[in-house]
Amino acid sequence: MINRREFCKKAMIVAGGVVLPLTLLEVFNPKRLRAERDGQGKIRWVFLVDINKCVGCGFCVKACKIENEVPYDANVTRTWVERYVVTEDGQTFIDSPKGARDGFTTQKIDQAHQGMKEINPEEIGKAFFVPKLCNQCENPACVQVCPVGATYQTQDGIVLVDRSWCIGCGYCVMGCPYGVRFFHPVYHVAEKCNFCYHRISKGMKTACVDACPFGARRIGNIRDPEDPVTKIITSEQVNVLKEEFGTKPQVFYLGLSREVK
Amino acid sequence: MKNHVWRPLYIVIVIVGVILLARTLLVPEDFGIHERGYMYGWHRKSNEAEWKKVRVKYKTAKVCAECHVDEYNYIKASGHASISCENCHGPAYDHPQDPVGLTIDRSRALCIRCHSFMPYKGNIRSSIPGIDPEKHYPQAQCVMCHIPHNPKPMNQKREAKS
């Protein structure tokens, strides 16, 4: 007759015996060791947005939606432009109608259920347009929360979503501090800006960079010291969004104002 | 040891075995830890290639210039030089094979993306020649009077001046 102590011992040995060989393989997996040694790579994509140059035409948003097959009339977009109007008495009004797909064509500011806000031009202290897109963070919160390994970061720093692997749980949509993720209306999986991965891996620029008539958007490789974007980031006063989250965002802004969230 | 101890243990072992077998069959071979380590690089490697295969729609103005060199040089000498051809002519795809022709956006909505005036001091939007779209010939298309490839006011179409 087996007693309780014996049963527990044997059960632990059996369970340990099943688990141990798998973990042993994991520790000595030569592929993984190699990957960790060579983890650096020659490319790390970064983005530079010059707020002083943006006029809010929205050509970037239009080009992005067409290039990346995001349904044109659905109210979702991988990149968008926000308008900030700060009055002289310190009030800030922000809008981004349709993500600025059609640009900003009226002085009235869309305040959702409060209607269109008209501001007397005399009262405007400052106003500017802020393009937003995925920050391709060095510590992407959206990747950490994915329970199935459907979203991940490539060696060159781009966070991608595996559409055949995503289960649509929405953790990443909630986890992103910048709100860049949404559900794709056709594929019903998480969708996000990937710096036009199909273009940059061919040596092209992103669709939004090519569409911008004012040079407000630029893409570069931070590991290349000769890259003009790298030179600006390392020598000029650039800023990032929500630095306090510790995500190490890789979209840098020139002329960022404190009103921008 | 008696059977009533071993029997449930066998069942557990079989269940674990089935789960492991199902896992090896269902999980693709290239699924695992890649360059970015366990926390950020846990994925199916071949998905990277799938993203790289997405069709390029916007081919950039350089490709336009390969054939339409006159039009290209014409707009490059104008105030609209910095606007990419495809912003108004639409994405090239594989033009001229597919599609044969491009749909040009001649709408008023396109022009006022930049030329609707905004009274924003210090912002370059206010330095772009702008109109109030509700007051400046609201019924007309901009291209009825203005030439998009050569937009200075004195280059307005002759019919518009008379």
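Let's start with helix H3 of chain A, which is mostly covered: eight of its nine residues are buried. What we are looking at is a predicted model, so please hear everything I say in that light. The buried residues of H3(A) are A:Phe59, A:Cys60, A:Val61, A:Lys62, A:Ala63, A:Cys64, A:Lys65 and A:Glu67.

So what covers them? From chain A, the cover includes S2, S6, H7 and strand S11 (217–221), and from chain B it includes H6 and H7. Just after H3(A) comes A:Glu69, with a positive phi of about 55°.

Let me cross over to chain B for a moment and look at its own helix H7, residues 108–115. Why can we call this helix largely enclosed by the rest of the structure? Because six of its eight residues are buried. Those six are B:Leu110, B:Cys111, B:Ile112, B:Arg113, B:Cys114 and B:His115. They pack against H3 of chain A, together with helix H6 (85–89) of chain B.

Now let's step back to the whole contact between the chains. It takes 50 residues from chain A and 46 residues from chain B. On the chain A side, the elements that give two or more residues include helix H1 (4–27), helix H2 (30–37), helix H3 (59–67) and strand S6 (124–132). That side divides into 25 nonpolar residues, 16 polar and nine charged.

Next, the nonpolar cores. The largest has 69 residues, and the ones that touch the most other members are A:Phe47, A:Cys60, A:Ala63, A:Phe195 and A:Cys208. You'll recognise A:Cys60 and A:Ala63 from the buried residues of H3(A). Apart from this core lies another, of five residues, among them B:Cys88, B:Cys111, B:Ile112 and B:Cys142. Two of those names, B:Cys111 and B:Ile112, came up among the buried residues of H7(B).

Which residues does A:Cys208 contact, leaving aside its neighbours within four places in sequence? They are A:Cys60, A:Ala63, A:Cys64, A:Thr79 and A:Arg217.

On to the strands, beginning with S2 of chain A, residues 80–87. Six of its eight residues are buried, so to speak in the plainest terms, S2(A) is mostly covered. S2(A) pairs with S6(A) in the antiparallel sense, over eight bridges. It also pairs with strand S3 (residues 92–95) of chain A, again antiparallel, over four bridges. A:Val85 shows both pairings nicely: its bridge partner in S6(A) is A:Ala127, and its bridge partner in S3(A) is A:Phe93. S2(A) and S3(A) form a hairpin with four residues between them, and A:Gly90 in the turn has a positive phi of about 95°.

There is also an open sheet of four strands in chain A, in the order S11-S1-S13-S12, with mixed pairing. Which strands sit at the edges? S11 and strand S12 (238–239), each of which pairs on one side only.

Strand S1, residues 45–50, is worth a pause. Six of its six residues are buried, and both of its faces are covered. On one side are A:Trp45, A:Phe47 and A:Val49, and on the other are A:Val46, A:Leu48 and A:Asp50.

S1(A) and S11(A) pair in the antiparallel sense over five bridges. Within that pairing, A:Val49 is bridged to A:Arg217, and A:Leu48 to A:Arg218. With strand S13 (residues 251–254), S1(A) pairs in the parallel sense over four bridges, and there A:Phe47 has A:Val251 as its bridge partner. A:Phe47 is also one of the residues that touch the most other members of the largest core.

A quick word on chain B's domains. The assignment gives domain 1 (3–52), domain 2 (56–105) and domain 3 (113–162). The C-alpha centres of domain 1 and domain 2 lie 49 Å apart.

Finally, confidence. The model scores ipTM 0.89 and pTM 0.86. Chain A averages a pLDDT of 91, with 92% of its residues scoring at least 70. For chain B the mean is 91, and 97% of residues reach 70 or more. One stretch needs care: over residues 35–39 of chain A, pLDDT stays under 50, and the model has six contacts beyond four places in sequence for them. Where pLDDT is low, predicted coordinates should not be read in detail.

Technical notes:
Residues are numbered from 1 along each chain as its sequence is written. Chains are lettered from A and ligands numbered from 1 in the order in which they are written. This is a predicted model: local features need pLDDT of at least 70, side-chain atom pairs count only at pLDDT 80 or more; totals for chains, interfaces and linings use all residues. Two residues are in contact if their C-beta atoms, placed from the backbone, lie within 7 Å. Ala, Val, Leu, Ile, Met, Phe, Trp, Tyr, Cys and Pro count as nonpolar, Asp, Glu, Lys and Arg as charged, and the others, Gly among them, as polar. pLDDT is the predictor's confidence in each residue, from 0 to 100. A nonpolar core is a set of buried Ala, Val, Leu, Ile, Met, Phe, Trp, Tyr and Cys residues joined through C-beta atoms within 7 Å. A residue is buried if 20 or more other C-beta atoms lie within 10 Å of its own, exposed if 12 or fewer, and partly exposed in between; C-beta atoms are placed from the backbone. Domain bounds come from an automatic or database domain assignment. Two strands pair if DSSP finds at least two bridges between them.
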